[in-house]
Amino acid sequence: MNHLDAHDPDEQLALPPEPAPPARPSVPVLTALVPMAGALALWGITGSPHALWFAVLGPLLAGAGLADGWRTARRARRRAARERRAAVAQAQDELERRHERERVRLRLRHPDVAAFAARPDEVWRPVPARGDELVAGSGTVRSTMRVTGEGDDARALRAAARLLPDAPVTVPLVGGIAVVGPAVLAAAVARGLLLQVCLALPPGRLHVVDGGEAWADALPHRDRAAALQVRVSDAVGASPALDPSGLRIVRVPGGAPPPPDCRAVLVVTGPDRARLDVDGETREVRVEAVGRAQAERLAEALRAWGGRGARAEDTATLAALLAAPPPTGVLAAPIGHSAGEPFVVDLAVDGPHAIVIGITGSGKSELLTTWVAALCAAYGPARVSLLLVDFKGGRTFDALAALPHVTGVLTDLDEAAALRAVESLRAELRHRESVLARCGARDVDEAGDVLGRLVVVVDEYAALVAVHPGLHDLFADLSARGRALGIHLVLASQRAAGVFRDAVLANCPLRISLRVADRADSRAVLGSDAAAALPGRLADRGLALVRRAADLEPSLVRVAVCTAPTIAAVARAHPGPPARRPWLPALPADVPLGSLRVAGAVVLGLADEPEHQRRRPVVLPDGAGLTVVGRAGSGKTVALHAVAAQSDRAIMVPADPEAAWDAVAGLDELPRGSAVLVDDVDALLSRFPPEYAVVVAERLERCAREARGRGIRLVVSARRLTGATGRLAELLPHRALLALSSPVEHVAAGGEARGFCIDAPPGRARLDRVLVQFASVPVPRPAASVDAVPWVPARATAFVVHPGAAARSALAVWAAAGRTIVRLDDAGSAAAGQDAVVWGAPEQWIGHWRALAAAREHADLVVDAACAAEYRAVTGARELPPYALPGRSRAWLCTPEAGAHRARRIVLPGGQVRLAS
């Protein structure tokens, strides 16, 4: 029986079972005993001793039978061994035949340059997996052949069956392959690898970015862009970046390390031998080297072949589609080929809105680029304008930004600008409604050329609405009213489930699906599972199923490839003015006050109102107040100086506590039209002792309450609104929030959480919830300080001071000026003479109460600022004296004419004193 199948190479090869060993022959006991018994019986009957000779025949016959059994078993074993050897030899022959058939199948699937040259009909023929792998050489690979059977010979045959020698050894086509070796050999091997992939894939599927040698420029793959790119380069020097899905062939000099990004390394060890390292496995292979002259002839043959052999589906480019007569329609544009014919979609007729889905790498971004470029080629900027939004962090639309139709390319890299532009579409709706109303038209078709169409293209719509869920309602509104107003949406996402709401889906009858991983996404967009069944190979990138509004079944479309030269040609074809931008750009970071002045008003800055598509100057109403809150460096000081620059009578409260006390003390006497400006009021209050801080806060609060009635403006700034600063801010009608340190502080200051911006430029604020850029003015430097004039007694003086260096210094200066210095304990009275200065410690003056009373009534009473704790006891006044900083040679002067309640601050001699001028 033949156990070998010579027809099906994939069926297992079965060896016959090993023959069972023959049974050992048994000893014929009965054969030996029966003759012996017969001989004894015969002897008993006849009594002849000759009869006993028959007993010897038994053992002789038994021995002869045993010997014959052994001989028969030996013959059986030899025959079984011959049959086994014949079966194994037959199996080995069949294994060789099947291995050869398997080798032929692999070489047909993955031919090298020599195989392509021997069979030209295989060039560019679509074969599964041919476009996914590259033949690195010939060597031993794993075989699909399997052998069953038992025994040592079966085990040896199984081991031989698992390995297929002299078969194509392939590596993944995507990634890098380094050819290491002598320059001539490495170049020849790299030449063969490049020619092999060019012979396998047509120009529409493969683009040779750089062939590394001059002969490669003749390849037809150099002329056409494609999704799969290949580049040949040397390891020396940096080469331009290549698409991660492309192939890079690197020539590396012998002894040099291969680039780390090369997945496969081919170390050439001889003219046709090499060692291949890929995915952690090393094997010896026989490589194919191609000479320069051979490569030139093959490149010329491919160029001649490319004129007739390339299929339209593989080489579809937008440039070729645009060369045909333009389609007729409202927004008709060709996007690719279907069944060998150009496929045209009309966004206005087939839509008015479209949904595009497809997983990463399916060609979704290429489809959007081709569609946008085709629209721009067919219509002028006055007819069609586009807003492109890329919310996947990539650079999908960068090449399209030069088109005059494109009003802007927005990405999530500048999320604020993207959100601003999208939200401005609400204003665009109102603008178009007003234009149609003025024209007396019901929709954009009746308006004629007065109103062009706006196409909004969003790549990765799911990311956009995930970050800003409120945009769901905006796009639902746009999809509902867009047809009549001439606004069309093209919303692209990786998947549909949970992304597009029913209000959007209901108004988007134009559906395009590239390959998806989930059948639910395909059903949600197309109504069938067809998109999930699209092939996922690199060669099938750009295959899409398109279902238009009038289609019962989707059409299979090969999306055309749009190249940079095509986009440049489209831009040159429309040299006119660019399309109208449907939104205003973001506020500038600097708005000079001179560009915003309004006669008779105090301008705060420039307001941004994208919902109305306008900007306007913001003015501070007469008799109004303003609180400016912001962190350090946010622009508070500049904002206050801008108000001061526009006020005839501006009072800038200084940061110095003494000067600030004096300025605040005079607020009750300001004339109408004055502006009071307090920078960092919370910091200013913290510089005063508690009792002084309470008084300053009360005076500012009183000024805020009376500002409108008195016709004055109070503008204060602060870092935080807490305590007295918070109470003061509540009394002012307007509040501006500059940049703050955290969202918590922003909300605590009265802002909305969504309005917080950590990196807002200086002067950018939310004024009464409107975004404003405060006007900028030069901030003057602080005035130079000047020496204060020390006070000198002009008549009898009572000096209250603690004994010490400061007291001695002042008394010494006065004595040098001709004044009589008398200690209180030695004087006996407050007036020892008309020019006497009687001095003593506070407790001494309180103890000499008669002298103190006389000093209050008849002499100048001078109280050193260091005696602030005893000031009320010494002067008998309840009011606080003017604030004086300790340690700066300050004192309070109470004259008999003014009384203690009108004390003024003076400077004592003997210290280094400087005051602001």
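**Exercise 1. Getting to know Asp608**

In which strand is the place of Asp608? Find out, then describe the surroundings of this residue.

*Solution.* A word before the steps: the model you are looking at is predicted.

- Step 1: Look along the chain for the strand that spans residues 602–609. That is β23, and Asp608 is part of it.
- Step 2: Check the cover. The relative accessible area of Asp608 is 5%. Buried means under 20%, so Asp608 counts as buried.
- Step 3: List the neighbours, setting aside residues up to four places away in sequence. Asp608 then touches three arginines by name, Arg420, Arg614 and Arg615, along with Leu587, Val770 and Leu771.

**Exercise 2. The overall form**

Describe the protein as a whole, and work out why it is called more spread out than a compact globule.

*Solution.*

- Step 1: Begin with the secondary structure. There are 27 helices and 39 strands in the protein.
- Step 2: Compare two values. For 917 residues the globule rule gives 29 Å, while the radius of gyration is 50 Å, well over that value, so the protein is more spread out than a compact globule.
- Step 3: Put a box around the chain. Along the principal axes, the C-alpha atoms fill roughly 190 × 95 × 60 Å.
- Step 4: Turn to cover and surface. Of the 917 residues, 47% count as buried. The accessible surface comes to about 42,900 Å², and carbon and sulfur atoms hold 56% of it.
- Step 5: Ask how the chain meets itself. Take the contacts between residues at least 6 apart in sequence: 66% of them join residues at least 24 apart.
- Step 6: Finish with charge. The protein has 107 positive and 99 negative charges, and their mean positions lie 3 Å apart.

**Exercise 3. A mostly covered helix**

How many of the 10 residues of helix α17 are buried? Name them, and say which strands they pack against.

*Solution.*

- Step 1: Find α17 at residues 636–645.
- Step 2: Count the covered positions. Seven of the 10 are buried, so the helix is mostly covered.
- Step 3: Name them. They are Lys636, Ala639, Leu640, His641, Ala642, Val643 and Ala644.
- Step 4: Look at the packing partners. The buried residues of α17 pack against several strands, including β25 (625–629), β26 (649–653) and β27 (674–678). β28 (713–718) and β31 (770–776) are also among them, and so is β23, the strand that holds Asp608.

**Exercise 4. Looking for disulfides**

How many disulfides does the structure hold? Use Cys262 and Cys894 as examples.

*Solution.*

- Step 1: The count is zero.
- Step 2: Take Cys262. The closest cysteine sulfur is in Cys198, 18 Å away, and that is too far for a bond, because a disulfide needs the two sulfur atoms within 2.5 Å.
- Step 3: Take Cys894. The nearest cysteine sulfur belongs to Cys867, at 13 Å, and Cys894 is in no disulfide.
- Step 4: Add the cover. Cys262 is buried at 9% relative accessibility, and Cys894 is buried with a relative accessible area of 5%.

**Exercise 5. Backbone surprises**

Which peptide bond is cis, with omega near 20°? Then look at the phi values of Asp166 and Asp279.

*Solution.*

- Step 1: Recall the background. Most peptide bonds are trans, and most residues other than glycine have a negative phi.
- Step 2: Find the cis bond. This bond runs from Gly351 to Pro352. Pro352 lies in the loop between α8 (347–350) and β14 (354–357).
- Step 3: Turn to Asp166, in strand β4 (residues 163–172). Phi here is positive, about 55°, although Asp166 is not a glycine. Asp166 is partly exposed, at 30% relative accessibility.
- Step 4: Move on to Asp279, in the loop between β10 (273–278) and β11 (281–286). Phi of Asp279 is positive too, near 55°. Asp279 has a relative accessible area of 53% and counts as exposed.

**Exercise 6. A glutamate in a loop**

Is Glu213 buried or exposed? Say where the residue sits and what is in contact with it.

*Solution.*

- Step 1: Locate Glu213 in the loop between β6 (206–210) and β7 (228–234).
- Step 2: Read the cover. With a relative accessible area of 14%, Glu213 is buried.
- Step 3: Leave aside neighbours within four places in sequence. Glu213 is then in contact with Ala187, Arg191, Arg251 and Arg292.
- Step 4: Look further off. His468 is 255 residues from Glu213 in sequence, and their C-alpha atoms are 51 Å apart.

Terms used: Residues are numbered from 1 along each chain as its sequence is written. This is a predicted model: local features need pLDDT of at least 70, side-chain atom pairs count only at pLDDT 80 or more; totals for chains, interfaces and linings use all residues. Side-chain values use heavy atoms; hydrogens and water are left out. Helices (H or I, at least four residues) and strands (E, at least two) are DSSP runs, numbered from the N terminus. The radius of gyration is taken over C-alpha atoms; the globule rule is 2.2 Å times the number of residues to the power 0.38. Buried means under 20% relative accessible area, exposed over 50%, partly exposed in between (1.4 Å probe, protein chains only). Contact means heavy atoms within 4.5 Å. Accessible areas come from the Shrake-Rupley method with a 1.4 Å probe; for residues, only the protein chains shown count as cover. Lys and Arg count as positive and Asp and Glu as negative; His and the chain ends are not counted. The place of a charge is taken as NZ of Lys, CZ of Arg, CG of Asp or CD of Glu.
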